Amino acid sequence: MNILYLLIGCSIVLALAFLTAFIWAQKSGQHDDLHTPAIRMLLDEELEEEEER
Amino acid sequence: MAQSTTLDKTTCYHCGDDCVAGCYSSAEKDFCCSGCKGVYEVLSRNSLCSYYNYNDHPGTSRQTINKRFDYLSEPTIVSELIDYTDSEKTIVTFYIPQIHCSSCLWLLEKLNQINPAIHYCRVDFLKKQLNIRFDHQQLSLQGLVELLDRIGYEPLISLQDIIKKQNAEPKDNLVLKIAVAGFCFGNVMLLSFPEYFGMGATEQSFRHFFGWLNILFSLPVVFYSGNGYFISAWQNLRNRVLHIDFPLALGIAVLFIRTVAEIITRSGAGFADTLCGLVFFLLVGKLVQQKTYHHLSFERDYRSFFPVAVTIIDGQSERIVPLSALNTGHRMVIRHQEIIPADAILLKGEALIDFSFVTGEAIPVNKTLGEIIYAGGRQMGQAIELEVVKPVSQSYLTQLWNNEAFTGKQDNRLQTFSERVSKYFIVILLVIAFAALLYWLPADPKRGLAAFTAVLIIACPCALALSTPFTMAAALSIFDRNGFYLKNTAVVEQMADIDTIVLDKTGTITDGDKNNLTLNAVLTREQEQLVYSTCMNSGHPLSRLICSYLGSQDRLELTHYIETPGGGISAGIGQYHMRIGSGKFVIGSREDPAHTTQVHLMVDEKYLGYFSFLQHYREGLEQIAGLKTEYRLHLLSGDGDYEKNALLSYFQDATQMHFNRSPQQKLDFVRALQLKGNKVMMMGDGLNDSGALKQSDLGIAVTDNVNNFSPACDAILDGSSFAKLPAFLRFSKDTVRIIHCSFMISLVYNLLGLSYAVTGKLSPLMAAVLMPVSTVTIILFTSLATRLAAKRRKLL
């Protein structure tokens with residue numbers, strides 16, 4: 001059963017890694033504007049190509 | 001006759017407004033005005049016409065005249081506007097109210113194709129902001145703004161820079177706190193499960209290991225995520241007020257201390273799971289309450305409305321000075337559609353001033369040379385020259401902001417329900433806790449301490465603290481969906497308490513002034529000039545409206561002029577003979593019996609068409625008038641009383657209607673009502689209502705475009721939702737009732753828990769179950785009840 005110590009240790013380290021990733025994302029402003037990227041990704045260059053054809 | 005009927009009606013390719021085919025067209029596309037056509041031409045030249053593929057008619061109407069951006073060449077003004085500059089590039093953020101669709105986004109991020117000096121553009125859609133990085137050696141700020149204006153996205157530049165303020169606000173790290181609390185909560189739950197299910201004697205070493213890990217996880221929750229509650233509780237104590245944060249902080253502290261003590265002494269498993277869950281839920285409640293409307297500002301004053309700079313005449317040359325440098329004695333030039341920023345004497349030119357935003361007077365006023373013109377008026381017509389007599393901050397209008405309603409700290413707002421209740425709650429809680437302690441102390445000190453801490457833990461008003469934020473957040477999103485934007489959640493409770501409604505007239509219960517007048521004719525430039533010159537001589541309100549509609553025109557000399565009262569004008573200009581007036585006067589026929597008043601135009605016996613004028617009250621005024629059984633209604637107008645009879649049917653009697661009120665008198669009127677013990681809701685739209693809006697218990701700014709200027713207020717109401725106001729008022733009362741109910745529910749949970757807690761036999765499992773269950777019940781109840789109430793009021 002002593003393997004539990006290792007497993008719990010691993011799980012906490014993994015969880016901490018995710019927490020750090022989230023904190024980094026938050027601090028670097030990735031969550032500042034949640035709306036615009038959703039629209040931006042729908043706009044692409046295809047429309048122009050269609051016109052050229 | 002009736003030339004207009006033979007023309008084809010179509011819609012503008014750019015903005016979608018109705019227009020006449022063939023008038024302005026380019027590449028077989030019709031436009032309503034040269035502005036829209038200009039935008040199209042700029043875009044097609046730069047092969048950016050995909051703009052029109054994403055949405056139909058993505059543009060906004062461009063009928064306003066060209067603005068001048070000369071002031072942006074002043075270094076002092078430029079330095080105030082930009083975010084950052086170095087030897088190569090400049091970064092600037094603009095607020096652009098026109099941003100509304102994906103086409104806008106697409107185009108504004110492709111500015112580089114129009115001018116390669118622009119390196120980078122990023123739109124923040126919700127905030128309606130555009131961040132631009134450009135090479136200032138190749139493109140000046142003025143050039144950039146002119147470019148934006150040319151493609152139909154004129155940035156709003158004002159003295160009161162809302163963007164800067166928003167960005168300067170310290171970033172709240174609430175999300176981070178929630179993330180940390182959530183992370184710890186999850187892990188602690190995982191580690192606490194073995195304890196719930198019971199552990200064998202051989203697994204004792206795990207118990208301690210888990211216990212210590214739990215303490216480790218509780219540390220960031222208490223000292224990082226929960227620190228706000230301790231700070232707030234400490235401030236409460238120092239200010240000798242009891243707020244709900246106080247028992248929360250007490251609960252968190254007791255939970256933590258008891259957990260640490262139990263684990264160190266190996267006497268129990270502690271309450272780490274309850275502790276983390278509590279902080280996590282509380283913070284989520286806080287986040288829910290923090291609804292912000294990025295594109296709205298509730299703090300605007302005259303500075304947002306006034307221009308940034310003004311042209312002054314210095315000897316022979318004109319130069320531009322920032323408004324702060326404008327002094328008495330300066331001679332300034334005000335052009336068509338520009339706002340007069342300071343009280344001034346008219347020196348030269350034909351002044352036709354629209355004071356609708358300042359005094360509430362709907363119809364533009366003629367001013368003669370030598371007259372003092374108050375700041376805030378908008379010139380309609382040719383350029384005028386004025387001499388400043390008072391500095392900007394001391395003028396008739398801006399003086400209002402020196403009033404104590406603005407300068408003094410206001411404390412006439414109501415205490416919220418939760419503030420009132422939590423006082424009693426804390427006292428009762430402490431009494432029960434100490435009673436339990438004293439009861440057990442003589443016989444069993446250990447049990448006494450256990451009971452004491454258990455009471456503080458179980459009664460920690462988590463559900464109580466969450467009921468208000470969750471109900472309010474749900475209510476706010478209902479209001480928001482109906483075009484009614486509240487500054488914060490406390491406004492809902494203020495609204496439920498209102499018993500008197502004061503309405504401004506112009507712009508608030510009447511529709512936007514431009515819509516009143518429609519031209520049912522196509523006039524050439526010359527004909528416009530003729531009509532303008534004729535109407536300029538008349539003092540009749542309709543003539544003034546027509547003049548302001550036609551805008552800046554050169555005035556022609558009249559050879560003769562006869563005005564028939566109740567009929568119209570007959571005048572001669574050069575070889576032309578003008579007849580302007582009622583149908584009977586101009587063409588001899590009776591006017592159609594519609595609600596409109598019409599002004600017909602005739603030049604040299606040729607009928608051109610007519611202006612129709614409609615005194616238009618907002619849709620829903622009847623519904624608001626229907627509120628007079630529950631609320632006292634008052635009309636408070638800066639306008640003359642010439643609409644008194646038309647409005648009489650909406651109000652109880654003439655004494656409820658007050659005309660010719662100055663901005664200061666409006667403020668005083670609201671204060672007088674408040675002194676009589678009334679809770680006053682003020683609805684207004686202009687700067688002249690600012691004082692009254694601020695003084696009132698609930699100030700609502702009514703606007704047709706929520707992105708346009710609206711004075712500082714507690715809530716912004718979209719003009720199209722005006723009719724829903726009675727429903728909003730009733731719904732706010734429902735909301736308060738829901739809060740009361742949820743308080744009762746959480747009290748029941750508290751009593752249930754307390755009955756266990758006082759015996760001193762509170763198990764960690766019990767606490768860990770009770771806390772989330774009560775929280776989830778409250779959240780479910782409030783959101784369901786709010787939706788139900790909204791459905792009943794037909795707001796959903």
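The crossing of helix 9 and helix 12 of chain B is left-handed. That's how these two helices sit in the predicted model, and the rest of the geometry fits in a line: helix 9 (residues 204-225) of chain B packs on helix 12 of chain B at an angle of about 30°, with the axes 10 Å apart. Since angles under 35 degrees count as roughly parallel, helix 9 of chain B and helix 12 of chain B are therefore roughly parallel to each other. On the helix 9 side of chain B, the contact is made by B:Asn214, B:Ile215, B:Phe217, B:Ser218, B:Val221 and B:Ser225. Helix 12 of chain B answers with B:Ala272, B:Leu275, B:Cys276, B:Val279 and B:Leu283. Sorted by class, the contact of helix 9 of chain B with helix 12 of chain B has eight nonpolar residues, three polar ones and no charged ones.

Helix 12 of chain B also has a second partner. Helix 12 (residues 272-289) of chain B packs with helix 27 of chain B at an angle of about 15°, and here the axes are 9 Å apart. With that angle, helix 12 of chain B and helix 27 of chain B are therefore roughly parallel to each other, and their crossing is left-handed. From helix 12 of chain B, the contact draws on B:Asp273, B:Thr274, B:Gly277, B:Leu278 and B:Phe281. From helix 27 of chain B come B:Ala767, B:Ala768, B:Met771, B:Pro772 and B:Thr775. The tally for the contact of helix 12 of chain B with helix 27 of chain B is six nonpolar, three polar and one charged.

Stepping back to the whole of chain B, its secondary structure comes to 27 helices and 30 strands. Chain B has 796 residues, and 44% of them count as buried. Among contacts in chain B between residues at least 6 apart in sequence, 67% join residues at least 24 apart.

One of the buried positions is B:Ala344, which lies in strand 12 (residues 344-348) of chain B. B:Ala344 counts as buried because 27 other C-beta atoms lie within 10 Å. Leaving out residues up to four places away in sequence, B:Ala344 touches B:Met332, B:Ile373, B:Leu386, B:Glu387, B:Val388 and B:Val389. As for B:Tyr439, 95 residues separate it from B:Ala344 in sequence, and the C-alpha to C-alpha separation in space is 79 Å.

A couple of backbone angles in chain B are worth a look. B:Asn660 isn't a glycine, yet its phi is positive, near 55°. B:Asn660 is found in the loop between strand 27 (657-658) and helix 24 (663-675) of chain B. With 13 other C-beta atoms within 10 Å, B:Asn660 is partly exposed. B:Lys794, also not a glycine, has a positive phi of about 60°. B:Lys794 sits in the segment after helix 27 (764-792) of chain B, and B:Lys794 counts as exposed because it has 10 C-beta neighbours inside 10 Å.

Chain A is built from three helices and zero strands, so to speak an α-α-α pattern when read along the sequence. Of the 53 residues in chain A, 2% are buried. The mean pLDDT of chain A is 82, and 81% of its residues reach 70 or more. Confidence in chain A is highest in helix 1 (residues 3-27) of chain A, at 93, and lowest in helix 3 (residues 46-52) of chain A, at a mean of 48. Over residues 48-53 of chain A the pLDDT is below 50, and beyond near neighbours in sequence this stretch has one contact in the model. Where pLDDT is low, the predicted coordinates should not be read in detail.

That leaves the contact between the chains. It takes 16 residues from chain B and 17 residues from chain A. On the side of chain B that touches chain A, the elements giving two or more residues are helix 2 (51-54), helix 4 (102-108), strand 7 (118-124) and helix 8 (174-197) of chain B. Helix 8 of chain B gives the most to that side, with five residues. By class, the side of chain B that touches chain A has 11 nonpolar, four polar and one charged residues.

Notes
Residues are numbered from 1 along each chain as its sequence is written. Chains are lettered from A and ligands numbered from 1 in the order in which they are written. This is a predicted model: local features need pLDDT of at least 70, side-chain atom pairs count only at pLDDT 80 or more; totals for chains, interfaces and linings use all residues. Helices (H or I, at least four residues) and strands (E, at least two) are DSSP runs, numbered from the N terminus. A residue is buried if 20 or more other C-beta atoms lie within 10 Å of its own, exposed if 12 or fewer, and partly exposed in between; C-beta atoms are placed from the backbone. Two residues are in contact if their C-beta atoms, placed from the backbone, lie within 7 Å. Ala, Val, Leu, Ile, Met, Phe, Trp, Tyr, Cys and Pro count as nonpolar, Asp, Glu, Lys and Arg as charged, and the others, Gly among them, as polar. Axes are lines fitted to C-alpha atoms, for helices over the stretch in contact, and angles run from 0 to 180 degrees between N-to-C directions. Angles under 35 degrees count as roughly parallel, over 145 as roughly antiparallel, 65 to 115 as roughly perpendicular and the rest as oblique. A crossing is left-handed if the near helix is turned anticlockwise from the far one by less than a right angle, and right-handed if clockwise. pLDDT is the predictor's confidence in each residue, from 0 to 100.
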